[in-house]
Amino acid sequence: MAKKTKTKNAAPPEPTPIDDLPPRRRAILGAAYDVLMEHGYAGASTLEIATRAKVSKRELYAEFGNKAGILEALIATTATRMQAPLALPDATDRASLAAILDHYGVTALTELTHPAVLAINRLAVAEAGGTSELGQILDRSGREPNRVALMQWLVRAQSAGLLGRGDPDTICGQFFSLLFGDIPVRLMMGVIAPPGATEIKRRAEAAVDAVLRLYPFPVTRT
């Protein structure tokens with residue numbers, strides 16, 4: 001039997017935010033991403049997207065409605081994946097509260113530093129002077145749903161007596177600031193590489209620890 005030589009395998013490609021979607025929807029969103037990167041939002045046409053996805057324009061419109069609908073769906077896939085940890089059963093004690101928030105932090109930082117997500121955000125910034133539609137879609141379908149989902153989760157944690165008093169919107173902002181720091185800006189400028197799993201986990205744990213210290217158990221618990 002021949003002796004097997006150990007070879008250094010290349011790292012597997014990173015999964016994209018659309019990898020787990022049904023084939024036709026995945027094909028359309030993948031084509032939309034490619035066309036968006038090549039032509040920008042204003043220059044992206046539904047005809048070219050449909051052609052690359054190998055579907056008819058009728059199928060494309062039936063699935064997404066219009067170009068804005070395609071982009072909203074593309075961005076919403078990332079938002080949905082980010083919110084998954086918050087859909088778990090609510091925390092019952094401080095430990096489970098920390099675990100869920102940590103899971104959310106890891107997921108959020110992983111998703112939002114994915115190269116595909118960064119590329120769309122860079123494009124939105126680049127086109128901000130000409131049209132704000134892409135930026136509005138990003139805010140409406142990406143940032144806002146995640147902010148609201150986290151705020152609602154924080155309200156439930158406060159109601160359960162697991163988190164101290166404080167404005168949920170403020171707590172949400174503090175958590176994201178602690179989690180991301182200056183990473184988004186430096187990534188947008190291309191001066192650093194996306195953080196690896198170890199760094200993401202470290203930042204999530206640090207952000208959770210800081211928030212729990214800022215908002216300890218209420219004096220009176222129900």
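This is a guided tour of selected helices, loops and residues in a predicted model.

**First stop: helices H1 and H4**

Begin by selecting residues 23-43, which form helix H1, together with residues 67-83, which form helix H4; the axes of these two helices come within 10 Å and cross at roughly 110°. Since angles from 65 to 115 degrees count as roughly perpendicular, H1 and H4 are therefore described as roughly perpendicular to each other. To see the contact itself, show the side chains of Arg25, Ile28, Leu29, Ala32, Tyr33, Leu36, Tyr41 and Ala42 on H1, and then those of Lys67, Ala68, Ile70, Leu71, Ala73, Leu74 and Thr77 on H4. Coloured by class, the contact of H1 with H4 shows twelve nonpolar residues, one polar residue and two charged residues.

**Second stop: Ala76**

Stay on helix H4 and select Ala76, which has its place in that helix and is partly exposed, with a relative accessible area of 25%. Then add Pro145 to the selection: although Ala76 and Pro145 are 69 residues apart along the chain, their C-alpha atoms are separated by 8.7 Å.

**Third stop: Lys54**

Move next to the loop between helix H2 (46-53) and helix H3 (57-64), where Lys54 lies. What should be checked in the backbone here is the phi of Lys54, which is positive, at about 60°, although this residue is not a glycine. With a relative accessibility of 78%, Lys54 counts as exposed.

**Fourth stop: Asp102**

Turn now to helix H5, in which Asp102 is found. Is Asp102 buried or exposed? With a relative accessible area of 11%, Asp102 is buried, because buried means under 20% relative accessible area. Once neighbours within four places in sequence are left aside, the residues to display around Asp102 are Lys201, Ala204, Glu205 and Val208, with which Asp102 is in contact.

**Last stop: Thr113**

Follow the chain from helix H5 (94-112) into the loop that leads to helix H6 (115-126), and select Thr113, which is found in that loop. Thr113 has a relative accessible area of 5% and is buried. Which backbone oxygen does the side chain of Thr113 reach? It is that of Thr110, at 3.5 Å from the side chain of Thr113. To complete the view, and again leaving aside neighbours within four places in sequence, display Leu118, Ile183, Leu187, Pro194, Pro195 and Ile200, with which Thr113 is in contact.

Methods: Residues are numbered from 1 along each chain as its sequence is written. This is a predicted model: local features need pLDDT of at least 70, side-chain atom pairs count only at pLDDT 80 or more; totals for chains, interfaces and linings use all residues. Side-chain values use heavy atoms; hydrogens and water are left out. Axes are lines fitted to C-alpha atoms, for helices over the stretch in contact, and angles run from 0 to 180 degrees between N-to-C directions. Helices (H or I, at least four residues) and strands (E, at least two) are DSSP runs, numbered from the N terminus. Angles under 35 degrees count as roughly parallel, over 145 as roughly antiparallel, 65 to 115 as roughly perpendicular and the rest as oblique. Contact means heavy atoms within 4.5 Å. Ala, Val, Leu, Ile, Met, Phe, Trp, Tyr, Cys and Pro count as nonpolar, Asp, Glu, Lys and Arg as charged, and the others, Gly among them, as polar. Buried means under 20% relative accessible area, exposed over 50%, partly exposed in between (1.4 Å probe, protein chains only). A polar contact is a pair of N or O atoms within 3.5 Å; within protein, one must be able to donate a hydrogen and the other to accept it, and residues adjacent in sequence count only if both atoms are side-chain atoms.
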